Amino acid sequence: MITGIGVLAPSGTGVKEFWDTTLTGKNMIGPVTRFDASAHPTRLAGEIHGFDPAEHLPVRLVRQTDRMTQLALVAADQALADSGVRLDTVPAHQRGVVTAVASGGSEFAQNELRKMGGGAGGGHVSAYASFAWFPAVNSGQISVRNDLRGPAGALAGDHAAGLDALGQAGRRIRGGARLIVAGGVDAPVCSWAWAAHLSTGLLSTGLDPGRAYLPFDAAARGHVLGEGGALMIVEDEAAARARGAHTLYGRIAGHASTLDPRPGSAREPGLRRAAALALADAGCRPADVDVVFADAAGTPRADREEAEAITRLFGPRGVPVTAPKAAIGRLSSGGAPVDVVTALLAMRDGRIPATPQVEPALTHGLDLVTGRSRTTPVRTALVLARGHGGFNAALVLRAVD
């Protein structure tokens, strides 16, 4: 059971601001401001503006951490506050954390390496560089800050890892844990991470913020990077009800992960199988699903593969599909958790946010929600995610009765 949400995204920080902006479909993609991207072919991003970590965290902790971890710590604080749980009522070894990450604290690492390479010498490199870049740093810092001594983990699988973290949290709860902080947050808008993402050839080089990231559009030519993500409180349902939890957003009903076959293989990609396995894990039929939140990679090939996976499972135009991330960019390991938050709020309010700015290609055969949000009951949602390197993940969410 998900009882608390913390979200920091280009579309807003906190549930209310994030949801209000998401429903309007306002485009939050713009020119990069966090570093000089003028020499790069990709110059747009979905950035979180106005975030000052010193307003939320001790100065000592700000100095020790990358922007990615600062965002994650604040998201965890938001989620715990939203859940209303008192951690001192949960045994320390029954409360834990599982986070997703793409590469670690890139900006902190690049800044310290510049000191070394710039002639300052190793003696001027922060001792905190030894772990600020580490892929498990978010889980570690969240656990220390909140005294979470139970199950812990950090999963690396690009966009797919965010769903895997939540699936792992659900398994930990079924294994006896009482509470898990789970999700993913990333901050790849810095020159070092930018170069790594450019090397994939998957980023859009469009300079018009309204036309750069167009998933399932005939004009799709890549995606735009964004920063942020979401962390959620996953609790044992009986324990949550017993303590009188005031927010019961939904259940993690099913999860599955797969890998794509090797390049050049005649076998189909693994996304459809991941979705089918997640539905089976949830005890759901395709007809039970009210909406699919798409991975929406934004390249012609990946969009075609995802559309084929969806239409083979549900039939042509067989289920509403949406990708609100077109307004904020792909947030790396934080993107799928943001989609999960959006799905939970869609279930709460009976509104499916639209995929902004997109004119869906008819050849994909999708019932893509565009223009305005669609008002309809949502009891079951399927969230899909794919990661660079062949990772696939699917998560089924069900509304609380």
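Which residues does A354 touch, not counting residues up to four places away in sequence? This tour of a predicted model answers that question at its last stop and begins with the sheet.

**First stop: the open sheet**

Please select the six strands of the open sheet, whose order is β2-β1-β8-β7-β5-β6. The pairing within this sheet is mixed. Strands β2 (12–13) and β6 (152–156) stand at the edges, and each has a single partner strand, so one side of each is left without a neighbour in the sheet.

**Second stop: strand β7**

Next, select residues 179–186, which form strand β7. On one hand, β7 pairs with strand β5 (residues 95–101) in the parallel sense, over six bridges. Within this pairing, G96 stands opposite I180, and V97 stands opposite V181. On the other hand, β7 and β8 pair in the antiparallel sense over eight bridges. Here G184 may be selected together with A230, its bridge partner in β8.

Are the faces of β7 covered or open? Both are covered: L179, V181, G183 and V185 are buried on one side, while I180, A182, G184 and D186 are buried on the other. In total, eight of the eight residues of β7 are buried.

**Third stop: helices across the sheet**

Now add helix α3, residues 67–83. This helix lies across β1 (2–9), β2, β5, β7 and β8 (228–235), and runs at about 145° to β1. Its 17 residues reach 24 Å from the first C-alpha to the last, close to the 24 Å expected at 1.5 Å a residue. Helix α3 is mostly covered, with 14 of its 17 residues buried.

Both ends of α3 deserve a closer view. At the N-terminal end, D66 caps the helix: a side-chain oxygen of D66 lies 2.8 Å from the backbone nitrogen of M68. Just after α3, G84 takes a positive phi of about 75°.

Helix α6 (residues 137–146) may then be selected as well; it lies across β5, β6, β7 and β8 and runs at about 155° to β5.

**Fourth stop: the aromatic pair**

A search of the whole structure finds one aromatic pair. To view this pair, select F35 and W194: their ring centres are 5.5 Å apart and their planes stand at 70°, so the pair is edge-to-face. F35 lies in the loop between β3 (29–31) and β4 (44–46), whereas W194 belongs to helix α8 (residues 191–198), so the pair ties together parts that are 159 residues apart in sequence. Both F35 and W194 are buried.

**Last stop: A354**

Finally, select A354 in the loop between β12 (351–352) and β13 (367–368). Why does A354 count as buried? Its relative accessible area is 8%, and buried means under 20%.

The opening question can now be answered in the viewer. Not counting residues up to four places away in sequence, A354 touches T322, P324, V369, T370, G371, R372 and S373. A further residue to select is A326, which is 28 residues apart from A354 in sequence. From C-alpha to C-alpha, A354 and A326 are 9.4 Å apart in space.

Note on methods: Residues numbered from 1 in each chain as written. Predicted model: local features only at pLDDT ≥ 70, side-chain atom pairs only at ≥ 80, totals over all residues. Heavy atoms only, no water. Phe/Tyr/Trp six-rings, centres within 6.5 Å; stacked < 30°, edge-to-face > 60°. Helix = DSSP H or I, 4+ residues; strand = E, 2+ residues; numbered from the N terminus. Buried < 20%, exposed > 50% of the residue type's maximum accessible area, 1.4 Å probe, protein only. Pairing = 2+ DSSP bridges. Contact = heavy atoms within 4.5 Å. Axes fitted to C-alpha atoms, helices over the stretch in contact; angles between N-to-C directions. Expected span 1.5 Å × (residues − 1). Polar contact = N/O pair within 3.5 Å; in protein donor to acceptor, adjacent residues only side chain to side chain.
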